[in-house]
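Please open the model in the viewer and set the display to a cartoon, with side chains available on request. The tour proceeds by selection, one element at a time.

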Amino acid sequence: MKAAIIESVGKAVVGEMPDPTPGPREVVVEVAACGLCGTDLHILQGEFAPTLPVVPGHEFAGEVVGLGREVTELAVGDRVAVDPSLYCHECRYCRTGHNNLCERWAAIGVTTAGGAAQYALAPVANCVRLPENVRTQDAALIEPLSCAVRGYDVLRARLGAHVLIYGSGTMGLMMLELAKRTGAASVDIVDLNPDRLATARQLGVSGSAAGADELERPQGWDIVVDATGNAKAIQDGLGRVAKAGTFLQFGVADYATRVSIDPYRIYNQEITITGSMAVLHSYERAAELFAGGVLDPDVFISDRLPLDTYPQALERFASGVGRKIVVVP
């Protein structure tokens, strides 16, 4: 089969791999589309530490074309989206319900071969059957949406909150859509990219600007979300949280990123600083929200590129052009 391969730090190619053979509780998925994500860039740049080479791609959906001998829940021809998360279910964090913090955390497309290929393996338990109204190629959006759902689980946002989001890429826009549906009084977005801000306005943002100083909320925001991982954005966002407010670190920063905090202000104004890591008990809910129309795929997916162009697609993604880029085998 044809597959994208991150061979070594800084080097991605497209080549031939053996067709996958399912284990007893696995299925073979013929991939319809696979989304590119910041995690893929981190792997390429050597900022994460999977064993290379690896077939990337943890945001994918497709059709079941092969079944392990013990699989009864799915049939050949079923269309599925795949939760890439792989947990040990044995460590302290798994046993206390924090599977996303598993001591032996792994993921399809990160530590094992993923969906940037013609075919991919997945545990049957990780597959969610798609309803008729969902196009298979669009369902690659369910995984990033499930991360956003997890972010809102962490926030426990109350009705009537004023929300500020840094970054109007795919994840920032998903947080915008969820904020609108969880009763936010207003949702503002900050981004340096005018094209992405235009998309935020298309989706109905309350205010958009290149910097928070341009927005009219001198008392700050109840919820501030960083969806960039950028040190300057994070530093600025920490200073924009209103009294009794919450700052959510949602974007993936590299290991070396550092910012400063004001401990007295955190104490005196009862500010919460928290984070959201990947997916936790949120994939099925994201699939249901997606089937219900929470996102418009034609707005969120800006590029559908052939798998053969995977290295160029990564370069396009890294340059900040477009929104969600998917590759199509």
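**Strand β3 and its partners**

Begin with β3 and strand β8 (residues 119–123), which run antiparallel and are joined by 5 bridges. The model on display is a predicted one. To place this pairing at the residue level, select V27, which stands opposite A122 in β8.

Next, select the whole of β3, residues 26–35. How many of its residues are buried? The count is 8 of 10, so that the strand is mostly covered, a residue being buried when its relative accessible area is under 20%.

Now add strand β4, residues 59–67, to the selection. β3 and β4 also pair in the antiparallel sense, here over 8 bridges. Within this pairing, V28 is found opposite G66 in β4.

Extend the selection to strand β17, residues 324–328. Here 2 bridges join β17 to β3, and the two strands run antiparallel. Show G35 of β3, whose bridge partner in β17 is V326.

**P306 in strand β16**

Move on to strand β16 (residues 301–306) and select P306, which is found in this strand. Is P306 buried, partly exposed or exposed? Its relative accessibility is 43%, and P306 therefore counts as partly exposed, as this value lies between the 20% and 50% limits.

Display the surroundings of P306: leaving aside residues up to four places away in sequence, P306 touches V327 and V328. For a view across the model, draw a C-alpha to C-alpha distance from P306 to L215; the two are 40 Å apart in space and 91 residues apart in sequence.

**Helices α3 and α4**

Finally, select helix α3 (residues 142–155) together with helix α4 (residues 170–181). Two packed helices are described by the angle between their axes and the distance between the axes. For α3 and α4, the axes come within 9 Å and cross at roughly 55°. The two helices are therefore oblique to each other, and α3 passes α4 in a right-handed crossing.

Show the side chains where the helices meet. On α3, the contact is made by P144, L145, C147, A148, V149, G151, Y152 and L155. On α4, the corresponding residues are M171, M174, M175, L178 and A179. Which classes make up this contact of α3 with α4? Coloured by class, the contact shows 12 nonpolar residues, 1 polar residue and no charged residues.

How values were computed:
Residues numbered from 1 in each chain as written. Predicted model: local features only at pLDDT ≥ 70, side-chain atom pairs only at ≥ 80, totals over all residues. Heavy atoms only, no water. Buried < 20%, exposed > 50% of the residue type's maximum accessible area, 1.4 Å probe, protein only. Helix = DSSP H or I, 4+ residues; strand = E, 2+ residues; numbered from the N terminus. Pairing = 2+ DSSP bridges. Contact = heavy atoms within 4.5 Å. Axes fitted to C-alpha atoms, helices over the stretch in contact; angles between N-to-C directions. Parallel < 35°, antiparallel > 145°, perpendicular 65-115°, else oblique. Left-handed = near helix turned anticlockwise from the far one by under 90°. Nonpolar A, V, L, I, M, F, W, Y, C, P; charged D, E, K, R; others polar.
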